[in-house]
Amino acid sequence: MATETDVKPLTAFSYVTFDVVGTLIDFEGAIKKGLAEIAEKEGVDLDGEAALSVYRDARYEPGAGLFPDDLGRCYSRIAEAFGLPDTEEYRQHMIDTVGEAEPFADSVEAMAKLKTHYKLIAMTNARRWAFEKYAAKLGEPFWAGFTTDDTGCEKPNPEYFHQVFAHVEKDGGSKADILHTAQSQYHDIGISRELGMTNAWIQRRHAQKGYGGTIEPKEFTEPDYHFHALIELANAADDAFKA
């Protein structure tokens, strides 16, 4: 599926900013994998989607830490809900597993295509140590990368975006030259609209109900561009630049 507005053609942008975790990297799959390994070892029947709901609620809690380090704390909530042992070993297992999360099947190819047309900028709520692992698995496509360790805040805090705008301005560009690309309505699509950016929603969970492990937005924001997979955006960009 691919829909787009007539706000701006894809050829109008010089930069594409990306949410990483959930858009390029399958963190939900990694959470399910880590929990399944623990559950199998402990002989517990665990519903991965139900566990993601507990994880999502835990990320709302006061005192939530930075991703993916916070997986240890979140595991404690999941363990309590599903009768799993809450041990330091299992908490660390979840942090390590999500720190090694894999790209979605189309991410590497799509990023390589997009890199031929734009300067690609990562805007991740992950810590630097995890982002470096993710960037390597993606083929090091980024012109610049921002993490919570760099910005001192998490999206959807507008300050995060303003730091990226300032970096682009030093390169001679402006906010108007950026297409913001993400799957999270809560962390990215809503705030990018408020800040006057053009955005592209990659609806990774289009075939699944609910918001999975991503915090649910208070209201839905209609995106400028809407795709079900990142490769659809990459192919649309290829077509636009060839036209």
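Is Y55 buried or exposed? Select Y55 in this predicted model: its relative accessibility is 3%, below the 20% limit, so Y55 counts as buried.

**First stop: the aromatic pairs**

Keep Y55 on display and add F27. Across the whole structure, a search finds nine aromatic pairs. F27 and Y55 form one that is tilted, with 6.3 Å from centre to centre and 55 degrees between the planes. Distant parts of the chain are linked by this pair: F27 belongs to helix 1 and Y55 to helix 2 (residues 48-60), 28 residues apart. F27 is buried as well, at a relative accessible area of 6%.

Next, select F131 and F142. Their ring centres lie 5.6 Å apart and their planes meet at 45 degrees, so this pair is also tilted. F131 is in helix 6, whereas F142 is in the loop between helix 6 and strand 4 (144-146); the pair therefore ties together parts that are 11 residues apart in sequence. Colouring by accessibility shows F131 as buried at 5%, and F142 as buried with a relative accessible area of 16%. Now add F18 to the selection: ring pairs link F18, F131 and F142 into a cluster.

**Second stop: a charge over a ring**

Move to F104 and show R204 with it. The charged end of R204 is placed over the F104 ring, 4.1 Å from the ring centre.

**Third stop: helix 4 and its surroundings**

Select residues 88-99, which make up helix 4. At 1.5 Å a residue, these 12 residues should span 16 Å, and the end C-alpha atoms are indeed 16 Å apart, so expectation and model agree. Within helix 4, the buried residues are Y90, M94, I95, T97, V98 and G99. To see what covers them, display the neighbouring elements, which include helix 1 (27-42), helix 3 (71-82) and helix 6 (128-137).

**Last stop: where helix 4 meets helix 6**

Hide the other elements and retain helix 4 and helix 6. Their axes come within 9 Å and cross at roughly 40 degrees. An angle between 35 and 65 degrees is classed as oblique, and the two helices are therefore oblique to each other. Which residues meet here? On the helix 4 side they are I95, V98 and G99, and on the helix 6 side W129, K133 and Y134. I95, V98 and G99 are among the buried residues of helix 4 already selected. Helix 6 also holds F131, the partner of F142 in the tilted pair seen at the first stop.

Note on methods:
Residues numbered from 1 in each chain as written. Predicted model: local features only at pLDDT ≥ 70, side-chain atom pairs only at ≥ 80, totals over all residues. Heavy atoms only, no water. Helix = DSSP H or I, 4+ residues; strand = E, 2+ residues; numbered from the N terminus. Expected span 1.5 Å × (residues − 1). Buried < 20%, exposed > 50% of the residue type's maximum accessible area, 1.4 Å probe, protein only. Contact = heavy atoms within 4.5 Å. Phe/Tyr/Trp six-rings, centres within 6.5 Å; stacked < 30°, edge-to-face > 60°. Lys NZ or Arg CZ within 6 Å of the ring centre and 35° of its normal. Axes fitted to C-alpha atoms, helices over the stretch in contact; angles between N-to-C directions. Parallel < 35°, antiparallel > 145°, perpendicular 65-115°, else oblique.
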